[in-house]
Amino acid sequence: MARHGGGRGWYGKLIGAALGVTMLATGASVWTAQAGATGDSTPDAAASAAPGGAVKPVSAAIAHASEKGKRGINITIDDGPDPKWTPQVLDLLREYGVKATFCMLGTQAQAHPDLVKKVVAAGHRLCDHSVSHNTAMDKDSQAYQSRQILDAERMITKASGGVRPMYYRAPGGAFTPYSRKLAASRGMRPLGWNVDTKDFEQPGTDAIVATVERELPNGPTLLFHDAGGDRTQTVEALRVLLPRLKEQGYSFGFPVR
């Protein structure tokens, strides 16, 4: 999977906030999940959670397939939520009856809890995309990786009103065996992608559409963004693609867990 580094310098502005949140206390709480309830939020939580609040571990293999099968498509939306672009994406998904997976940054979720709740209320799934979107986090220590993943999990869960992320997508695909195992122990399936639309480069609506149509045979998981810059082209590309792909006999669902 390709690294995403260029064209998104806005993440540097998040570092100060991220440093503050990575030392959050890990208080004991019980959260209601889309796939079950959760317990405490230490790295060993799967083994030590209190009765009735245990996290159900999932596979640590990076998921690409769709729950809808061979003609399924997974729409995944990264880096939000954003007060300008996320509502527009939600409106389009509702218009065409499509469910998607939103891979959220912890800092963005914390800043816009109302949008996180709207995503959940619309029947979409949540994905942990780390606290601060460090695309080189695989080069850092396990302690750093743990803070990025677990702090984001807590921030997203709190913002949602208690619904936990069901997936973990490493920024830029910067997975490690440790980060995959840790996420899986928290019930978050590591999530990859098959089609990188490169919408963050703003190549033009037609180019985004063409990339999806050309690369869809590679697999069902499509990567878009609803934050980090002007997402007009993303919104317009989805406006073209959602009905077109439905007409071609595809159905939209969620990644496997």
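Select lysine 198 to begin, and look for it in the loop that runs between β8 (195–196) and α8 (205–215) of this predicted model. Its backbone deserves a careful look, since phi of lysine 198 is near 55°, a positive value in a residue other than glycine. Most residues other than glycine have a negative phi, and most peptide bonds are trans. With a relative accessibility of 34%, lysine 198 counts as partly exposed.

Histidine 133 can be selected next, in the loop between β5 (125–128) and α6 (142–160). Here too phi is positive, at about 60°, although histidine 133 is not a glycine. Is histidine 133 buried or exposed? Its relative accessible area is 7%, and because buried means under 20%, histidine 133 is classed as buried.

A further backbone feature is found by selecting glycine 80 and proline 81 together, as the peptide bond that joins them is cis, with omega near 5°. Proline 81 belongs to the loop that lies between β3 (72–78) and α3 (85–95).

From that loop, move on to α3 and display the side chains of arginine 94 and aspartate 91. These two form a salt bridge in which the closest N and O atoms are 2.7 Å apart. Both residues lie in helix α3, three residues apart, which is about one turn of the helix. Arginine 94 is exposed, with a relative accessible area of 60%, while aspartate 91, at 40% relative accessibility, counts as partly exposed.

Keep α3 on display and add helix α5 (residues 113–121), which packs with α3 at an angle of about 10°, the axes being 11 Å apart. The two helices, α3 and α5, are therefore roughly parallel to each other. To see where they meet, select Thr86, Pro87 and Leu90 in α3, together with Leu115, Lys118 and Val119 in α5. Sorted by class, this contact of α3 with α5 has four nonpolar residues, one polar residue and one charged residue.

Now turn to helix α6 and select arginine 154 and aspartate 151, whose side chains meet in a salt bridge with an N to O distance of 2.1 Å. Both residues lie in α6, three residues apart, or about one turn of the helix. How do the accessibilities of this pair look? Arginine 154 is buried, with a relative accessible area of 11%, and aspartate 151 is buried as well, with a relative accessible area of 2%.

How many salt bridges does a search of the whole structure find? The search finds nine. Another of these is seen by selecting glutamate 215 and arginine 214, which form a salt bridge with their closest N and O atoms 3.5 Å apart. Arginine 214 counts as exposed, at 54% relative accessibility. For a linked group, select Glu153, Arg164 and Arg186, which are joined in a network of salt bridges.

The next stop concerns aromatic rings, of which the structure holds one pair. Select tyrosine 168 and phenylalanine 175: the centres of their rings are 5.8 Å apart and their planes stand at 90°, so the pair is edge-to-face. Both tyrosine 168 and phenylalanine 175 are buried.

Helix α7 (residues 177–185) can be shown next, with its buried residues picked out, namely Ser179, Leu182, Ala183, Ala184 and Ser185. Just after α7, select glycine 187, which takes a positive phi of about 80°.

For the last stop, select lysine 246 in helix α9 (residues 232–247). Lysine 246 is partly exposed, with a relative accessible area of 37%. Which residues does lysine 246 touch, not counting residues up to four places away in sequence? Selecting its surroundings on that basis brings up Tyr96, Gly97, Val98 and Phe252. Add the C-alpha atoms of lysine 246 and tyrosine 96 to the display to finish, as these residues are 150 residues apart in sequence, whereas the C-alpha to C-alpha separation in space is 9.0 Å.

Methods. Residues are numbered from 1 along each chain as its sequence is written. This is a predicted model: local features need pLDDT of at least 70, side-chain atom pairs count only at pLDDT 80 or more; totals for chains, interfaces and linings use all residues. Side-chain values use heavy atoms; hydrogens and water are left out. Helices (H or I, at least four residues) and strands (E, at least two) are DSSP runs, numbered from the N terminus. Buried means under 20% relative accessible area, exposed over 50%, partly exposed in between (1.4 Å probe, protein chains only). A salt bridge is a side-chain nitrogen of Lys or Arg within 4 Å of a carboxyl oxygen of Asp or Glu. Axes are lines fitted to C-alpha atoms, for helices over the stretch in contact, and angles run from 0 to 180 degrees between N-to-C directions. Angles under 35 degrees count as roughly parallel, over 145 as roughly antiparallel, 65 to 115 as roughly perpendicular and the rest as oblique. Contact means heavy atoms within 4.5 Å. Ala, Val, Leu, Ile, Met, Phe, Trp, Tyr, Cys and Pro count as nonpolar, Asp, Glu, Lys and Arg as charged, and the others, Gly among them, as polar. Rings of Phe, Tyr and Trp (its six-membered ring) pair if their centres lie within 6.5 Å; planes under 30 degrees apart count as stacked, over 60 as edge-to-face and the rest as tilted.
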